[in-house]
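Work through the following exercises with the sequence and the coordinates at hand, and compare each of your steps with the solution beneath it.

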Amino acid sequence: MLAMIIVAPLAGFLLNGLWYFFVQSSRGAKKAGSTSTGLLATAAVFLSFVAALAGHILLLRMPSGARVIEQKLFGWIHAGGFALDFVLRLDPLSSLFCLVITGVGTLIHIYSIGYMSKDSTPGRYFAYLNLFCAAMLLLVLGASMPVMFIGWEGVGLCSYLLIGYWHSDILKAAAGKKAFIVNRIGDLGFVLGMFVIYRHIGSLDFFAISSGVSSAVGAGMPVVAASLLLFAGCVGKSAQIPLYVWLPDAMAGPTPVSALIHAATMVTGGVYLMARVSPMLMLSSGAMLVIAGVGAATALFAGAIAFGQNDIKKILAYSTISQLGYMFLACGVGAAGAGVFHVITHSFFKALLFLGAGSVIHAMGGEQDIRKMGGLRGAMPRTFITFAAAWLAISGIPPLSGFFSKDEILWRAFSSPFGGRIFWAAGMLAAVMTAAYMTRLFSLVFLGGGRASVRVHESPATMTVPLFVLGALSVAGGFIGIPGMSAIGHWLEPVLGQTQASRPGIGHSAEWVLLASSAAVAAAVVWVTLKFYEKPARAAGFRQKGRVVADVLENKFYIDELYGAMLVRPLVAISGWAWKKIDDGMIDSAVLCAGRISIAAGALARKLQTGQLQAYALAMLFGALALIGYLVHGLG
Amino acid sequence: MMNAAAFFLFGGFGLAFSAMAAFGRNMVGCAFSLVMAFFCFAGVYAALGAHLVAVLQIFVYAGAVMVLFVFVIMIIGSRRMTGAGAGQGRFVTGAGVLAAGAALVLLIKVFRGSAVGTGRVSGPFTADAVAAAGGNTRVLSELLFSEYALPFELVTAVLVAAAVCAVTLLIPKRERSGS
Amino acid sequence: MKIDPWMVQALAAGIFMIGFAGVLVRRNVIAMLMCVELMLNAANMSFVAYAWQHADMAGQAVAVFVMAVAAAGAAVGLAIVVSLFRALRSADTGGITLLKE
């Protein structure tokens, strides 16, 4: 039954893919509209959602400590002393992720039917989208690290395919390449981490790792190194500093892709990994510090850049990076459960934000610059209201979902033995930034006077219905994690083994104080920013005064240029040199030389063919002479 | 009975005449030297007790083959024998002669040193036995028609074929298509 | 003085080498043919010498056959020379290089 969760979207991929390959892509074939292919793909993912839901219900019925459903698909590797089977495992953590992936995935598939209705190759799009879902589900359902890694690589591949979906545009294709290559760098860390774990624990199954790690540490396992290596994989996949550069460029893909992959699912794969190995992480406080530090820094850094952007999708991209930093901050202070909670709520409102942005872009005929938008509230009321729900959620306004998850992270950052006031302060600052730039986005796009030059209309129902569903979830989804009766915390406890202990000296009442203060701060920031942007001229003047800072932010701290000069150009130069000097100069020359030697030898040998009989006779005499001489030596 | 003197005489002259035939300048001179060489070879054969072979040598070689050579030389004409005695060029000439000389030395060394060259295997046809059976001619002829009859007939066929071939080659062009 | 078999063989070898050197060195076709005849005769002599050495008639029989075949060969060779002469108007072999690559 577990296999069904993965097989359904896989089948969808195959059907759509084969249909596309054989029928739609041949010349003269009638181009199918997005409806038939989209419905097939949506049905596949919905089937998967139903199976995931069934699995979840089964788990609910089980006693709390024994919530595991395993399914072995086939025996995979049996080499020497190493045995690994292809096993899928559903436990509280993976079932949450499955529900999110399939649920949000279904909504995004429905949305795509409307969004991609004018695209020329919808079969290919939906095939890739299904393949992505299958790979992501494999990632979260894998019972051991190699199985998870297959999914990990699979989502990287699909990310490349989907970002570069309009591959005839070379910039978009380059964005796809950038995503894949930068991800690869992180994957190296993942693989090395796997090696260290196997060497010291002797197994790559997650349950075995969790139970065996403490004794391995006693036997001298470099657990900090292993944790940091795995975290390196997360830095790539989940776009933290310094490997985040691919995510803003990935906005070149279709907007539903950005919603699914770069908001709700793929980038959260790193958080899933951290949660899965949290028993190991808890034993390495050095690694935890690094993780939390990188997470906090990323949250602040990306938040700052988001202020300077004017492309609606780029703002959301940097916002995603910032929120991911939040999640890693949670993992780094020992609150992986809070991180997972934020994954869930973030998937709701970030997907909604992206889909809403897609709706706006669709209506604006492809325009993405928010300075050219404005006053869309009247023309697109459904998009407006759902976007507003997401905006309030991400800004942390109670009682929406984002408030609860963010607050949980801030509380744990403050109170956990691994945390500290600095982490809390950083998180608070990041929250302020988030509220501010999201409000800026909201007011520039939907409020105020209209600056749009095209006639704007609301999007079709296939696009707005998913918006409403996600809106409802963004509003109400937080209630699974209310402090005090955290259902999600209890649900995840057996898997994560996390402690709810606080540092000494922090009482329980501190939690409520922090809660109230973050709510107040969020509300204040939102109100101030709204007022600020009521007069766009004032905002422009403000930007002019601080234009040095603003330019730096707008150019994303020139990081891409820095990487280009420091890393990319030297590599390209070395490759060019290696090509010219070594490949062409040495290897090709050596091979050609063999040919030239043959030709020269042939020319030399040709001189013997004089055509004169007597020369041949002379040669025969010499030969006979040699033979007789040799024989005489033996005899004489 | 072997006459050593006869052997050395005929052998020496044979060598001399063949050298003249091989390296002579004048074509007719070459041809006649070769005739004389064949006569000397016949003498050697006789000294070795192969009387029939000696006589056949004179009939066939000195008598028929060389006549043919002289005919052809006359037909073609000495005037047109450009470069008749000239060699290939000094280098090739030198190399050729040197190589031949070296091969000769080697061969002699081989013969002298090996049992083949010095031993005498006894067979049924010693000089006395042959003399008792009626002489070399009779014995060899009997052999040719009994034991070697097949090669004899084959050689006959070869001769016929050669005759036909030679005639074919020499028929004038305009007659060839008709025949 | 006694004649050793190797002396006779040496004589045959000497005549052979003279003939061979002549073939290598001469440019005239007819001269080359004459040298070939010399070589054949040398082979004949070698056969007869072995027949004498081993008191076996087979060598002499072979010599007879060789003689016949050599004569046939000479006839055909001369026929070729004549037709060659008809075609080329010259008996110089230096210009015949049809076997050259």
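**Exercise 1.** Determine whether Ala55(C) is buried or exposed, and describe its backbone.

Solution. At a relative accessibility of 8%, Ala55(C) counts as buried, where buried means under 20% relative accessible area, exposed over 50% and partly exposed in between (1.4 Å probe, protein chains only). Next, the backbone of Ala55(C) has a positive phi of about 50°, although the residue is not a glycine. Most residues other than glycine have a negative phi, and most peptide bonds are trans. Finally, Ala55(C) lies in the loop between α2 (29–54) and α3 (58–88) of chain C, helices being DSSP runs of H or I with at least four residues, numbered from the N terminus.

The model is predicted, with local features requiring pLDDT of at least 70 and side-chain atom pairs pLDDT 80 or more, while totals for chains, interfaces and linings use all residues. Residues are numbered from 1 along each chain as its sequence is written, chains are lettered from A in the order in which they are written, and side-chain values use heavy atoms, without hydrogens and water.

**Exercise 2.** Carry out the same analysis for Tyr558(A).

Solution. Tyr558(A), which is not a glycine, has a positive phi of about 55°, and its place is in the loop between α24 (547–554) and α25 (559–606) of chain A. With a relative accessible area of 39%, Tyr558(A) is partly exposed.

**Exercise 3.** Locate the proline that follows Ile241(A) and assign its peptide bond.

Solution. The bond from Ile241(A) to Pro242(A) is cis, with omega near 0°, and Pro242(A) is found in the loop between α8 (223–237) and α9 (246–249) of chain A.

Technical notes. Helices (H or I, at least four residues) and strands (E, at least two) are DSSP runs, numbered from the N terminus.
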